[in-house]
Amino acid sequence: MEKITINHIKAAKNREKIVMLTAYDALFAKLFDPYVDIILVGDSLNMVFAGKSDTLSATMDQMIYHTKAVCAGAKRSFILFDMPYGSYTTEEIALQNAIRVYKETCADALKLEGGAEKAPIVSYLVQNGIAVMGHIGLMPQHVRAEGGYKVKSDKEKLLSDAKALEDAGVFAIIVEGIKADLAKEITKSLSIPVIGIGAGKDVDGQVLVWSDMLGFFTDFKPKFVRRYLEGASLVEEAVRQYAQDVRSGSFPSEEESY
Ligand code: KIV
């Protein structure tokens, strides 16, 4: 079992598709670890795990707690820490928080949202030995400022944001919620891997939020999600059966008793 490093991720460009999935705890991280290249401890945990309506209130302490749990479960995958809202507003704040991530967790790299305006912060982190992944297009941390989650189509801006981040030193970029042909153009224009979510197939890899992909989140299904399991109905059925067995006295049986 060879540990996946930043060099494997960079070398995947134009060679093989990168598989990325979120996880927030040791149990699921251990299950995903043999099959994915990157485990993202996304700030989406604020919605999926903590039940909030957006990602904005996730804190550094929460993200570090969950990353430590993922580190306990995953030994092979590249671990990516998602910088929460407000944790990278200036070069110094970003560096202090990034140093915390490296000192307190096993994260291999961190991810932050933003385009050209974040390039100086990216560059400062990279100069200080931090591996950074960019995230452009639909940026969930902008949901309140933009009044919702909007698919992005400003071609010139997205191409120049991607280039500015590459020049600043990111080793890969996530493009979220953009048309497939534009994602393809961004992917072709860069020499670093571009990982898509809701960005079509002509990118260097894909990322999904685990609870979408395994059908545990059922309030709605974004167009770009493919469900590989109907997790919520399987769990509901199992728990319904358990409750029935306890109430009827059929659980535990003699074999299940000491
Ligand atoms: O927080 C997250 O899960 C993410 C993905 C949507 C890319 O940033």
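This section describes the overall dimensions, helix packing and selected residues of a predicted model.

The protein chain contains 11 helices and eight strands. Along the principal axes, its C-alpha atoms fill a box of roughly 65 × 40 × 40 Å. The radius of gyration of the protein chain is 20 Å, which agrees with the value near 18 Å for a compact globule with 258 residues. Of the 258 residues, 50% are buried. Among the contacts in the protein chain with a separation of 6 or more, 59% are between residues 24 or more positions apart.

Three helix pairs were examined, beginning with α4 and α5. Helix α4 spans residues 60–73 and helix α5 spans residues 91–104; their axes come within 10 Å and cross at roughly 25°. The two helices are roughly parallel, because the crossing angle falls under the limit of 35 degrees. The crossing of α4 and α5 is right-handed. On the α4 side the contact is made by Met-60, Asp-61, Ile-64 and Lys-68, and on the α5 side by Asn-97, Arg-100, Val-101 and Glu-104. By class, the contact of α4 with α5 comprises three nonpolar, one polar and four charged residues.

Helix α5 also packs against helix α6 (residues 119–127), at an angle of about 45° and with the axes 9 Å apart. The pair α5 and α6 is therefore oblique. The crossing of α5 and α6 is likewise right-handed. Glu-91, Glu-92, Ala-94, Leu-95 and Ala-98 of α5 make this contact with Pro-120, Ile-121, Tyr-124 and Leu-125 of α6. The contact of α5 with α6 has seven nonpolar and two charged residues, with no polar residue. In α5, the residues that meet α6 include Glu-91 and Ala-98, while those that meet α4 include Asn-97 and Glu-104.

The remaining pair is formed by helix α8 (residues 155–168) and helix α9 (residues 180–189), whose axes are 10 Å apart and which pack at an angle of about 30°. At this angle, α8 and α9 are roughly parallel to each other. α8 passes α9 in a right-handed crossing. Lys-155, Leu-158, Leu-159, Ala-162 and Glu-166 are the α8 residues in the contact, and they meet Leu-182, Glu-185, Ile-186 and Ser-189 in α9. The residues of the contact of α8 with α9 divide into five nonpolar, one polar and three charged.

Two strand residues were considered in terms of burial and contacts. Ile-79 is found in strand β3, which covers residues 78–82. Ile-79 counts as buried because its relative accessibility is 0%. Not counting residues up to four places away in sequence, Ile-79 touches Lys-3, Ile-39, Val-41, Thr-67, Val-70, Ala-74, Cys-106, Ala-107, Asp-108 and Ala-109. One of these, Asp-108, is 29 residues from Ile-79 along the chain, and the C-alpha atoms of the two residues are separated by 5.3 Å. Two others, Thr-67 and Val-70, have positions within the range of α4, residues 60–73.

Glu-176 lies in strand β6 (residues 172–176). With a relative accessible area of 12%, Glu-176 is buried. Again leaving out residues up to four places away in sequence, the residues touched by Glu-176 are His-135, Ile-136, Gly-137, Leu-138, Pro-140 and Ile-197. The C-alpha atoms of Glu-176 and Leu-27 are separated by 27 Å, the two residues being 149 residues apart along the chain.

Two features of the backbone were also noted. Most residues other than glycine have a negative phi, and most peptide bonds are trans. Asn-14 has a positive phi, near 65°. Asn-14 is placed in the loop between α1 (6–11) and β1 (18–22). With a relative accessible area of 70%, Asn-14 is exposed. The peptide bond from Phe-251 to Pro-252 is cis, and its omega is near 0°. Pro-252 belongs to the segment after α11 (231–248).

Note on methods: Residues are numbered from 1 along each chain as its sequence is written. This is a predicted model: local features need pLDDT of at least 70, side-chain atom pairs count only at pLDDT 80 or more; totals for chains, interfaces and linings use all residues. Side-chain values use heavy atoms; hydrogens and water are left out. Axes are lines fitted to C-alpha atoms, for helices over the stretch in contact, and angles run from 0 to 180 degrees between N-to-C directions. Helices (H or I, at least four residues) and strands (E, at least two) are DSSP runs, numbered from the N terminus. Angles under 35 degrees count as roughly parallel, over 145 as roughly antiparallel, 65 to 115 as roughly perpendicular and the rest as oblique. A crossing is left-handed if the near helix is turned anticlockwise from the far one by less than a right angle, and right-handed if clockwise. Contact means heavy atoms within 4.5 Å. Ala, Val, Leu, Ile, Met, Phe, Trp, Tyr, Cys and Pro count as nonpolar, Asp, Glu, Lys and Arg as charged, and the others, Gly among them, as polar. Buried means under 20% relative accessible area, exposed over 50%, partly exposed in between (1.4 Å probe, protein chains only). The radius of gyration is taken over C-alpha atoms; the globule rule is 2.2 Å times the number of residues to the power 0.38.
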